[in-house]
Amino acid sequence: MDNSVIKPIRQTVLREARDYVMIALGMILYGIGWTVFLLPNDITTGGVPGIASIVYWATGFPVQYTYFAINVGLLILALKLLGLKFCMKTIFGVFTLTFFLYVIQKMVGSVTLLHDQPFMACVIGASFCGSGIGIAFSVNGSTGGTDIIAAIVHKYRDITLGRVMLICDLIIISSSYFVLKDWEKVVYGFVTLYICSFVIDQVVNSARQSVQFFIISSKYEEIGRHINEYPHRGVTIINATGFYTGKEVKMMFVLAKKRESNIIFRLIKDIDPKAFVSQSAVIGVYGEGFDHIKVK
């Protein structure tokens, strides 16, 4: 097989392997935050883990089994709307988190950290959970649950992942009062949700800003076609002339979301590693695929 073909295949395999390692790391962080800091201190979280926590406090049923069972239906929905690639990584995330929930609980046992400092337990646990989810989302993975709902809404609407999850989880946290009978714990749950959402946005898409690319490459047609196909962004071809060489070149102008930068850089590197690329942040982009023009 030609070396020019083997190299992109090797890059793809290594990239996918790295993504799965990052998802596993995210699940470990989430499992630590949930079962070490939040669950033992009766602090609920949002989404399916929140439901699993409420079931655990009410019946003593292990959280990993409730979490896994509810996610089966949501994974079917993700397969239909988000595609096989997202669903495969989500399935991996769900199985990995379920496994680590069991392992971490066995390792920790009945030890409760920060039992007399629930606010610190809330802050630290939420930071771990938010970091774990953010890492998973950054490589197109998920922990399942309302993460799937957030990813679906995020795909079709320009709303941050953290904000979608914040809205989805309010009812779940509020309902924990019927089991805990303690409004203070519910308040800690809201604080946990806010911190978790904030950390997710910082990890995945801190500024929600757009970026612009100027790309000069002899393989501009192939690069432009791939950018059109995924991440589904328009490409404008500009006729330019190199001042020093005097040669005419084709320069591509691309506007994209900041979260799509890695996708564009990856495909440029795979097609033409010697391409000249300039990326810069822009304050606002308005039009189809971006924000709507807002004029009072």
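A salt bridge here is a side-chain nitrogen of Lys or Arg within 4 Å of a carboxyl oxygen of Asp or Glu. By that yardstick, Arg 18 pairs with Asp 19, their closest N and O atoms being 3.7 Å apart. The structure is a predicted model, so local features need pLDDT of at least 70 and side-chain atom pairs count only at pLDDT 80 or more, while totals for chains, interfaces and linings use all residues. Residues are numbered from 1 along each chain as its sequence is written, and side-chain values use heavy atoms, with hydrogens and water left out.

First, the overall picture. The protein chain comes to 11 helices and four strands; helices (H or I, at least four residues) and strands (E, at least two) are DSSP runs, numbered from the N terminus. Of its 296 residues, 42% count as buried, where buried means under 20% relative accessible area, exposed means over 50%, and partly exposed is in between (1.4 Å probe, protein chains only). The accessible surface of the chain is about 16,000 Å², and 64% of that belongs to carbon and sulfur atoms; accessible areas come from the Shrake-Rupley method with a 1.4 Å probe, and for residues only the protein chains shown count as cover. Among contacts with a separation of 6 or more, 72% come from residues 24 or more positions apart, a contact being heavy atoms within 4.5 Å.

Back to the charged pairs. The structure holds three salt bridges. Besides Arg 18, Asp 19 has a second partner in Arg 266, with the closest N and O atoms 3.8 Å apart. Asp 19 sits in helix H1 and Arg 266 in helix H11, so this pair ties together parts that are 247 residues apart in sequence. Arg 18, Asp 19 and Arg 266 are thus linked in a network of salt bridges. Within that network, Asp 19 is buried at 2% relative accessibility, whereas Arg 18 is partly exposed at 45% and Arg 266 is partly exposed at 30%. Another bridge joins Glu 260 and Arg 233, whose closest N and O atoms are 2.9 Å apart. That pair links distant parts of the chain, 27 residues apart: Glu 260 is in the loop between S3 and H11, and Arg 233 is in the loop between H10 and S2. Glu 260 counts as buried at 9% relative accessibility, and Arg 233 is also buried, at 9%.

Helix H11 (residues 261-271) has Ser 261, Ile 264, Leu 267, Ile 268 and Ile 271 as its buried residues. Seen down the axis of H11, these fall within an arc of 140°, so they line one face of the helix; the arc is that of the directions from the helix axis to the C-beta atoms. Asn 262 and Lys 269, on the other side of H11, are exposed. What covers the buried residues of H11 includes strand S1 (210-216), H10, strand S3 (248-257) and strand S4 (276-282).

Next come the rings. A search of the whole structure finds 11 aromatic pairs. Rings of Phe, Tyr and Trp (its six-membered ring) pair if their centres lie within 6.5 Å; planes under 30 degrees apart count as stacked, over 60 as edge-to-face and the rest as tilted. One of the pairs is Tyr 20 with Phe 92, edge-to-face at 5.0 Å centre to centre and 90° between the planes. Tyr 20 lies in helix H1 and Phe 92 in helix H4 (residues 84-108), so the pair ties together parts that are 72 residues apart in sequence. Tyr 20 is partly exposed at 24% relative accessible area, and Phe 92 is partly exposed at 29%. Trp 34 and Tyr 67 make another edge-to-face pair, 6.4 Å centre to centre with 65° between the planes. Here the link runs from Trp 34 in helix H1 to Tyr 67 in helix H3 (residues 63-81), 33 residues apart. Trp 34 is buried at 0% relative accessibility, and Tyr 67 is buried with a relative accessible area of 0%. Tyr 30, Trp 34 and Tyr 67 form one aromatic cluster.

A few backbone oddities round things off. The peptide bond joining Tyr 230 and Pro 231 is cis, with omega about 25°, and Pro 231 is found in the loop between helix H10 (220-229) and strand S2 (235-241). His 232, found in the loop between H10 and S2, has a positive phi of about 60° although it is not a glycine. At 57% relative accessibility, His 232 counts as exposed. Asp 42, also not a glycine, has a positive phi of about 55°. The place of Asp 42 is the loop between helix H1 (3-38) and helix H2 (47-59), and it counts as partly exposed at 29% relative accessibility.
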